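Thanks for sharing this one with me. Here are my notes as numbered points, best read with the structure open beside them.

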Amino acid sequence: MAPIAKLHPKHTIFFLCDIQTRFKTAIYGYDELILAANKMIKIAKVMDIPVVVTEQNPKALGKTDPDIDLASLGDLHIATIDKTLFSMVIPEVTTLLKSRTDIQSIVIFGIESHVCVLQSSLDFLELGYDVHVLADGVSSCNKEEVPYALSRIRQAGGYITTSESAGFQLQRDSGTPRFKAFSNIIKEDKDNTKRSVQTLLQYRSSL
């Protein structure tokens, strides 16, 4: 029986994929995507989880949206990496991961679901990592593309989850010192989470 992939803070890294300013008017549910990304940034801070950001051809598509509060991460924001390859698995990323031998799980959120998120997921899986994609943290220009991309990732062995579920997996125990801070995030983001879920998951019931 294959091992069950669980999320543990010490063995997890977040990848924020290409949420750039030029996509703002093109991506379905873009504003809700920003809400979900900021929620994961807050969770990363509480859980002490490193975050890698990628930018697809930023000269043409702009930098990461400034509404995402990367500055609050401090040293946990370990890299922002430019790329032209659709996949995030480029030499700079593989070198970074090789230097962090404790990493087993990769949590992905960003755009586009059927292009960069899908190709990144397949490549990370091929490298032997557990890949967890946030269904309420990814989108595409055409919303109809998303469920097919997520289904393809699942077929390949990836895990489709949500920001809240991933957060609680990482927290795991309500008796730890960090639970209060984690609980505050869940409470403070309650309305934003509802908004993101209702917008980004409403057409994915088949998943």
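1. Let's start with K83 and D18, whose side chains meet in a salt bridge at 2.9 Å, N to O. The two residues are 65 apart along the chain, with K83 in strand β3 (residues 77-83) and D18 in the loop between β1 and α1 (30-47), and the pair links distant parts of the chain. Both partners are buried. Please keep in mind throughout that this is a predicted model.

2. D18 deserves a second look for its backbone. Its phi is positive, about 60°, although D18 is not a glycine. As a reminder, most residues other than glycine have a negative phi. D18 has a relative accessible area of 1%, under the 20% limit, so it counts as buried. The salt bridge to K83 and the positive phi therefore fall on one loop residue with a relative accessible area of 1%.

3. How many salt bridges does a search of the whole structure find? The answer is seven. One of them joins R195 and E32, with the closest N and O atoms 2.8 Å apart. Here too distant parts of the chain are linked: R195 belongs to helix α8 (residues 190-200) and E32 to helix α1, 163 residues apart. The two ends differ in exposure, because R195 is partly exposed at 37% relative accessible area, whereas E32 is buried at 11%.

4. D31 and K24 also form a salt bridge, and their closest N and O atoms are 3.8 Å apart. That value is within the 4 Å cut-off, so the pair counts. Are these two residues buried or partly exposed? D31 is partly exposed, at 42% relative accessibility, and K24 is partly exposed as well, at 39%.

5. Now to the rings: the structure holds five aromatic pairs. In one of them, F14 and F109 have ring centres 6.1 Å apart and planes at 80°, so the arrangement is edge-to-face. Since F14 lies in strand β1 (residues 12-17) and F109 in strand β4 (residues 105-111), the pair ties together parts that are 95 residues apart in sequence. Both rings belong to buried residues, with F14 at 0% relative accessibility and F109 at 1%.

6. Another edge-to-face pair is F124 with Y129, at 6.5 Å centre to centre and with 90° between the planes. F124 is buried at 0% relative accessible area, and Y129 counts as buried at 15%. Do follow this pair a step further in the viewer: F15, F124 and Y129 form one aromatic cluster.

7. A ring and a charge come together at Y28. The charged end of K143 sits over the ring of Y28, 5.5 Å from the ring centre.

8. Two further backbone features are worth a check by eye. The peptide bond from I111 to E112 is cis, with omega near -15°, and E112 is found in the loop between β4 and α4 (113-126). Most peptide bonds are trans. The other feature is N57, which is not a glycine yet has a positive phi of about 40°. N57 is placed in the loop between β2 (51-56) and α2 (58-61). With 33% relative accessibility, N57 counts as partly exposed, whereas D18 is buried at 1%.

Note on methods
Residues are numbered from 1 along each chain as its sequence is written. This is a predicted model: local features need pLDDT of at least 70, side-chain atom pairs count only at pLDDT 80 or more; totals for chains, interfaces and linings use all residues. Side-chain values use heavy atoms; hydrogens and water are left out. Rings of Phe, Tyr and Trp (its six-membered ring) pair if their centres lie within 6.5 Å; planes under 30 degrees apart count as stacked, over 60 as edge-to-face and the rest as tilted. Helices (H or I, at least four residues) and strands (E, at least two) are DSSP runs, numbered from the N terminus. Buried means under 20% relative accessible area, exposed over 50%, partly exposed in between (1.4 Å probe, protein chains only). A charge sits over a ring if NZ of Lys or CZ of Arg is within 6 Å of the ring centre and within 35 degrees of the ring normal.
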